[in-house]
Amino acid sequence: MTAQTAPLPPGSIIGILGGGQLGRMTALAAAPLGYRCHIYCPEAGVPATQVCDRATIAAYDDAEALAAFAQAVDVVTYEFENVPAATAEVLARNVLLRPRPEVLAICQDRLKEKDFLRAIGIATAAYAPAADTRALGRAVAEIGRPAILKSVRMGYDGKGQVPLRSGTDLGEAWAEMAGSIPDASGIVERRVEFTMEISVVVARGVGGDLAAYVPVENRHESHILAQTIAPAPISAKLRGEAGAIARRIVEALDFVGVMGVEMFVTEDGHILVNELAPRPHNSGHWTLDACATSQFEQHVRAVVGLPLGDCERHSDATMKNLIGSDVEAWQELAGEPQAHLHLYGKGAPRPGRKMGHVTRLSPRGNPLRADDTDASEELD
Ligand SMILES: Nc1ncnc2c1ncn2[C@@H]1O[C@H](COP(=O)(O)OP(=O)(O)O)[C@@H](O)[C@H]1O
Ligand SMILES: [Mg+2]
């Protein structure tokens, strides 16, 4: 279903595909605006269902459950982009889906995503498709090493990625990448010698209005986001370029909702886009505590057709993910002034599992780290 530009009235029900922390924080942001959320996910007791009074616990390909879900809600969005594309298409025939299913098809496939970026003239790391082991040999010959073999689908937090160094055996690399993914297909990407990883969280409304948060710096540990520093200590020029790239992407996709655009800053000061997340993004969690409108509220505003809110920050922030046993410090963190603790209601901490995050605020323009940037830049 398409069209519908008038906002859905308060009391309307937002269906969310996926039951993780992003759905939880979206549902929590929907409540003050008077909307209700209905979660659809395969597992009970997950972070999002804990804060919603409506949930459908069913497989993503359960046609009957999907049909009933479509009937029960006024609009559907997702917090997890790896739902089967067919699921999104079935839903889109029966209920408003925002962002539209074509976006999902692009963003859940690294090859389609890179081809899309190339088609609209946005720079990425050099890449080549590797649909099977023979194609992998050709791709590596073309791209060179060091490179990274990534599964085109179902990857997150570095899963499904294998570094290709000078001595790496390609057969072994393929087996490792394809291991847990049925019918795996790959993409080879040149390893980028970046000086910094940044991201832009951008929102686009039903009428095409745009709003973007300031670019932030992301530091990863073991391929998992460990820390986000807002704003990123980059020049005003780069900041402008990063924002413009993010805006161009959502416009080209006719996107509605919030998107996280991950980027590399190269040694020679260029920006390469790494990947797109068609939903609120981990690097936007700081906006909950530091901005007039959080990324989750923006996402709700966009999908129900309200005007977007103000992305301006009232504070600078450092967001730290609480991964695995980090969460054991909850009591200390809860007692720390200027620290905002968010826990996701997950069960046992496991290594690599995102259990929550903590955002520390500091006055705007006075970064926490001494080496962040010259403060004058923060004034523009
Ligand atoms: N081409 C690349 N060059 C250098 N580092 C990379 C490259 N691709 C990924 N990485 C590193 O691995 C991290 C995770 O990879 P990414 O493609 O974002 O997948 P995901 O976040 O879905 O696991 C990136 O944030 C970056 O630190
Ligand atoms: Mg990523």
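These are my notebook entries on one sheet and two helix packings in a predicted model.

**Entry 1, the sheet.** I began with the strand order and found an open sheet of 4 strands, arranged β6-β9-β7-β8, with antiparallel pairing. I then looked at the edges, which are held by β6 (127-130) and β8 (161-164); each has a single partner strand, so one side of each is left without a neighbour in the sheet. I also noted the twist, and on average neighbouring strands of this sheet are turned by 25° against each other, with direction ignored.

**Entry 2, one strand pair.** I next followed strand β7, residues 147-151, which runs antiparallel to β8 and is joined to it by 4 bridges. Within this part of the sheet I located I148, which stands opposite P163 in β8.

**Entry 3, the helix over the sheet.** I looked up what helix α6 (residues 133-143) touches, and I recorded that it lies across β6, β7, β8 and β9 (186-190), while its direction is at about 170° to that of β6.

**Entry 4, α2 and α3.** I turned to a helix pair, for which the description rests on the angle between the axes and the distance between the axes. For helix α2 (residues 63-72) and helix α3 (residues 85-94), I noted axes that come within 9 Å and cross at roughly 40°, and the two helices are therefore oblique to each other. The crossing of α2 and α3 is right-handed. At the contact I listed L66, F69 and A70 from α2, which meet T87, L91 and N94 from α3; sorted by class, the contact holds 4 nonpolar and 2 polar residues, and no charged ones.

Terms used
Residues are numbered from 1 along each chain as its sequence is written. Chains are lettered from A and ligands numbered from 1 in the order in which they are written. This is a predicted model: local features need pLDDT of at least 70, side-chain atom pairs count only at pLDDT 80 or more; totals for chains, interfaces and linings use all residues. Side-chain values use heavy atoms; hydrogens and water are left out. Two strands pair if DSSP finds at least two bridges between them. Axes are lines fitted to C-alpha atoms, for helices over the stretch in contact, and angles run from 0 to 180 degrees between N-to-C directions. Contact means heavy atoms within 4.5 Å. Angles under 35 degrees count as roughly parallel, over 145 as roughly antiparallel, 65 to 115 as roughly perpendicular and the rest as oblique. A crossing is left-handed if the near helix is turned anticlockwise from the far one by less than a right angle, and right-handed if clockwise. Ala, Val, Leu, Ile, Met, Phe, Trp, Tyr, Cys and Pro count as nonpolar, Asp, Glu, Lys and Arg as charged, and the others, Gly among them, as polar.
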